Amino acid sequence: MRLLLRVIGLLLLLTAALLAMSRAPERSVESLVARWAPPPSDFIDFRGQLVHLRDEGPRADPLPIVLLHGTSSSLHTWEGWVRALAPRRRVITLDLPGFGLTGPWDEAYAGRPYDGETLARFVLELLEHQGVHRFVAGGNSLGGEVAWRLASLAPDRVERLILVDASGTVFKSGQVPLAWQFARLPGAATVVEWVLPRTAVSQGVTAVYGDPSRITPELVDRYFELTLRSGNRRALVERLRSASSGADAERISALRLPTLILWGGRDRVIPASAAADFARRIPGSRVVVFPALGHVPQEEDPAQTVAPVIEFLGLAAR
């Protein structure tokens, strides 16, 4: 009995030590700006909601390209694409509410859910406020779902659609990042607001890359530090608990616009079979699969993945 009590005591001490080592206090947005929001980053106050965005390329472009990131990500995921597209097209990227430097819902939007429909309505309002009335919508994962919901909500405003490993159809994940699994557990919100091992973030990034050798320490730093942004971890818990596979999928079948579907063949979060489902639902859409890439192919290999986008937008011959 004494030995058992000693073992239990030792385990408790080790657990306490690990928790102390993994303690990760929230960071203010001001403390993150210098590293993660250099020019051309901008911040706007939209009805009390702070929004981190970048508006690059020729401002006279009548049909901007709006690119939206996925869960736990940020506008930085599109930097490679923006470098390729901005010399000829206006490209707008932003941190969706709950993520990146934008942070959780605030002021007039406080208390809203972090589901695709709510985010899509917010993006439509924001773009209208910015004077963007018609645009090309593109997105990855959750951002892909927001993109097709934009086309569903405002078909007169979305000219073309680019879906990159998008959510929205019914699918079964092969591998969900460990941190996401933990965030769904009862009581997790309180724990994750104080504890976040960098190794858990590293594991999450590895889970969404097809080739882990492409992952750099700075990349893990970005995901880790932006997750620490005040309010983001609680928002992530709320997002993951409310997520449901295939909600409103029938609306995808009503879409009638030029659509490019890009997918990573090694995507373990949303399998490539979902690309075929999107293609079946959207008449005339084109599918391109990148066999060696994972769930964030636009980030993992920007040059390879932007090539079909350039062709889709009619920029190849210019």
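Helices, as named on this tour, are DSSP runs of at least four residues, strands are runs of at least two, and both are numbered from the N terminus. The model to be toured is predicted.

**The whole chain**

Begin with the entire protein on display. Its 318 residues include 54% that count as buried, and the fold comprises 13 helices and 8 strands. Among contacts with a separation of 6 or more, 76% join residues that lie 24 or more positions apart. The protein exposes about 13,900 Å², of which carbon and sulfur atoms supply 58%.

Next, colour the chain by pLDDT. The mean for the protein is 89, and 85% of the residues reach 70 or more. Then select residues 7-21, over which pLDDT stays under 50. For this segment the model has 1 contact beyond four places in sequence. Where pLDDT is low, the predicted coordinates should not be read in detail.

**Helices H2 and H9**

Select residues 29-36, which form helix H2, together with residues 217-227, which form helix H9. The two axes come within 11 Å and cross at roughly 160 degrees. H2 and H9 are therefore roughly antiparallel to each other, given that angles over 145 degrees are classed in this way. Their crossing is left-handed.

Now show the side chains at this pairing. H2 contributes Leu-32, Arg-35 and Trp-36. On the H9 side, these residues meet Glu-218, Asp-221, Arg-222, Glu-225 and Leu-226.

**From H2 into the first strands**

Proceed along the chain to the loop that links H2 with strand S1 (41-46), where Pro-40 is found. Select Pro-39 with Pro-40 and inspect the peptide bond between them: this bond is cis, with omega near 15 degrees.

Beyond S1, select Arg-47, which is found in the loop leading to strand S2 (49-56). Arg-47 is a residue other than glycine with a positive phi, near 55 degrees. Is Arg-47 buried or exposed? Its relative accessibility is 52%, so Arg-47 counts as exposed, the threshold being over 50%.

**A second positive phi, at Ser-141**

Move to the loop between strand S5 (135-140) and helix H5 (142-153), and select Ser-141. Here too phi is positive in a residue other than glycine, with a value near 55 degrees. Ser-141 has 9% relative accessibility and therefore counts as buried, since the limit for that class is under 20%.

**Helix H8 and Thr-216**

Select helix H8, residues 198-208, and locate Ser-202 within it. With 26% relative accessibility, Ser-202 counts as partly exposed. Add Thr-216 to the selection and display the C-alpha atoms. Ser-202 and Thr-216 are separated by 14 residues in sequence and by 9.8 Å in space, C-alpha to C-alpha.

**Helix H13 and its surroundings**

Finish with helix H13, residues 302-312. Which residues of H13 are buried? They are Thr-305, Val-306, Pro-308, Val-309, Ile-310 and Phe-312.

To see what surrounds these side chains, add the elements against which the buried residues of H13 pack:

- helix H3 (79-85) and helix H12 (297-300);
- strand S6 (158-164), strand S7 (259-264) and strand S8 (286-290).

The last stop is Gly-314, which follows H13 and has a positive phi, near 75 degrees.

Key
Residues are numbered from 1 along each chain as its sequence is written. This is a predicted model: local features need pLDDT of at least 70, side-chain atom pairs count only at pLDDT 80 or more; totals for chains, interfaces and linings use all residues. Side-chain values use heavy atoms; hydrogens and water are left out. pLDDT is the predictor's confidence in each residue, from 0 to 100. Contact means heavy atoms within 4.5 Å. Buried means under 20% relative accessible area, exposed over 50%, partly exposed in between (1.4 Å probe, protein chains only). Accessible areas come from the Shrake-Rupley method with a 1.4 Å probe; for residues, only the protein chains shown count as cover. Axes are lines fitted to C-alpha atoms, for helices over the stretch in contact, and angles run from 0 to 180 degrees between N-to-C directions. Angles under 35 degrees count as roughly parallel, over 145 as roughly antiparallel, 65 to 115 as roughly perpendicular and the rest as oblique. A crossing is left-handed if the near helix is turned anticlockwise from the far one by less than a right angle, and right-handed if clockwise.
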